[in-house]
Amino acid sequence: MKSYLQDEAFKDKLVRIRNDFHANPELSHEEFETTEKIRRYVTDLGYEVLDIGLKTGLVARLRTKEEAPSVLLRADIDALPIHEASDKPYASKVDGKMHACGHDVHATVLIGAAEILAAQKDTLPGTVYLFFQPAEEVNEGARSAIDNGLFEKYPIDVVLGQHNQPLLPTGTVGVREGGLMAAVDTLRVKVTGKGGHGAMPNETIDPVIATAAMLQNLQSIVSRNVFPLEGAVISIGSIHGGQANNVIPDFVKFTGTVRSFSEDVRELLHKRIHEVLEQTAKAYQVEVEIEYIFHLPPVSNPKEYADLAKEVVRDVLGKNAAVVPTPSMGGEDFALLLDQAPGVFLWLGVGNPEKGIEHVWHHPSYDADEDAFAPGAVVMAEMAKRMLEHVKEV
Ligand code: NI
């Protein structure tokens with residue numbers, strides 16, 4: 001097989017594809033032009049585009065000699081409502097929109113991997129599906145594909161995804177067994193008392209003071225109930241209540257986000273949040289309505305595929321290329337795909353401080369090192385092939 005890592009034409013093509021995506025970002029659910037470009041690229045490579053009823057994004061298949069098993073390779077494609085701070089030639093042309101999470105890189109790397117796999121079409125030990133996923137930033141793209149029957153219509157045995165990581169240097173890939181990205185749950189609470197004059201609190205049931213106690217008590221859950229070496233976060237991001245300085249309002253509302261890395265801790269947080277809020281409400285004589293939404297499970301890599309990924313990364317990029325990253329409290333809707341089929345999620349190192357590329361995801365100066373695109377594509381293609389071989393063996 002030719003070495004795509006040394007192939008200048010291949011590398012230049014990936015840079016051109018990415019710079020075009022980067023200059024023309026589209027937000028979640030609006031990735032129409034991006035999808036059209038992807039459609040042309042993958043059709044030219046010999047993939048057939050499958051209709052699973054998505055408005056944006058697409059699923060494509062490479063027909064090979066051996067139909068089973070099959071692997072799904074996923075890249076998200078949406079941008080963010082952030083104004084890019086960059087004077088680079090490929091900076092966003094759209095005010096207030098930016099590929100600040102590098103999903104342009106993911107789409108590019110997957111197109112590169114698709115090319116490498118298409119060239120091995122006759123010898124691949126199974127079928128390759130590509131999923132260019134819309135609307136990751138709003139946690140809706142993976143769910144919509146699943147709801148549209150992606151896993152029922154097509155016999156997908158294993159899934160593979162990759163996210164760029166500017167905190168890891170180019171030439172490395174972060175592979176972690178277990179929790180890599182957090183479960184994301186949302187908390188919405190309404191605390192109802194009885195309003196009245198601020199000078200006569202004894203005539204009221206004050207939801208403001210009850211809320212203050214609730215917020216304090218909630219913070220004891222992570223520090224007192226969760227095992228200290230497990231990661232968990234409860235953050236309250238909004239509180240609304242009252243209008244005037246001297247009026248006790250009828251109610252207060254607050255919302256928050258809850259993060260964890262395992263289903264056990266997730267369930268513990270859910271249970272304790274209910275108990276703490278309900279018991280505090282009782283103590284302060286208010287009513288509490290709790291809406292707890294389980295949004296995304298954690299991205300947690302099974303040992304089997306984490307080990308396989310380490311082996312692949314070492315084989316294709318060198319023996320020191322596989323690194324164990326610190327997990328992120330951020331969420332990723334790839335977790336929903338991992339719920340449907342086993343697989344692995346990798347972090348592609350795209351950081352290069354010498355080029356000034358060191359800003360984190362969602363930062364207006366975020367960028368990714370173009371020297372990481374070909375390695376990302378090679379790793380993804382090789383990993384896909386080995387996953388197919390692995391499924392066949394077991
Ligand atoms: Ni992202």
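Q: Which domains share the lining of the largest pocket?
A: Domain 1 (2-180 + 298-393) and domain 2 (183-296) each give at least three residues to the lining of the largest pocket. The domain bounds come from an automatic or database domain assignment. Keep in mind that this is a predicted model, where local features need pLDDT of at least 70, side-chain atom pairs count only at pLDDT 80 or more, and totals for chains, interfaces and linings use all residues. Residues are numbered from 1 along each chain as its sequence is written, and side-chain values use heavy atoms, with hydrogens and water left out.

Q: How much space lies in that largest pocket, and which residues are closest to its centre?
A: The largest pocket holds about 280 Å³ of space. It has 18 lining residues, and E136, E137, G330, G331 and H362 are the closest to its centre. Here a pocket is an open set of points on a 1 Å grid over the protein atoms alone, with protein on both sides within 12 Å along at least five of seven lines; a cavity is a set where a 1.4 Å probe fits but cannot get out, and lining residues have an atom within 4 Å of a point. Points are joined across faces, edges and corners, and a volume is the space filled by probe spheres set on them.

Q: Which elements give two or more residues to the lining of the largest pocket?
A: They are β8 (183-192), β12 (251-260) and β13 (287-296). Strands (E, at least two residues) and helices (H or I, at least four) are DSSP runs, numbered from the N terminus.

Q: What order do the strands take in the four-strand sheet?
A: The order is β10-β12-β8-β13, in an open sheet with antiparallel pairing. Because β10 (232-241) and β13 stand at the edges with a single partner strand each, one side of each has no neighbour in the sheet. Two strands pair if DSSP finds at least two bridges between them.

Q: How many bridges join β8 and β12?
A: There are 10 bridges between β8 and β12, which pair in the antiparallel sense. As an example to look up, T186 stands opposite T257 in β12.

Q: Back to the whole chain: how far apart are the centres of the two domains?
A: The chain divides into domain 1 and domain 2, and their centres, taken over C-alpha atoms, are separated by 38 Å.

Q: And what about the sheet of eight strands, what is its order?
A: That open sheet runs β1-β2-β4-β3-β5-β16-β6-β15, and its pairing is mixed. Its edge strands, β1 (48-50) and β15 (322-323), each pair on one side only.

Q: Do β3 and β5 run parallel or antiparallel?
A: Parallel: four bridges join β3 (residues 70-76) to β5 (residues 158-169). L72 has V159 as its bridge partner in β5.

Q: New topic. Where do I find the cis peptide bond?
A: Look between A68 and P69, where omega is about -5 degrees. P69 sits in the loop between β2 and β3.

Q: Which residue has a positive phi although it is not a glycine?
A: That is N139, with a phi of about 60 degrees. You'll find N139 in the loop between β4 and α4 (141-147).

Q: Last one: how many cavities of 30 Å³ or more turn up?
A: The search of the whole structure finds one. About 50 Å³ of space lies in the largest cavity. Its lining includes R74, V105, H106, Q162 and H163, while β3, α3 and β5 each supply at least two of the lining residues.
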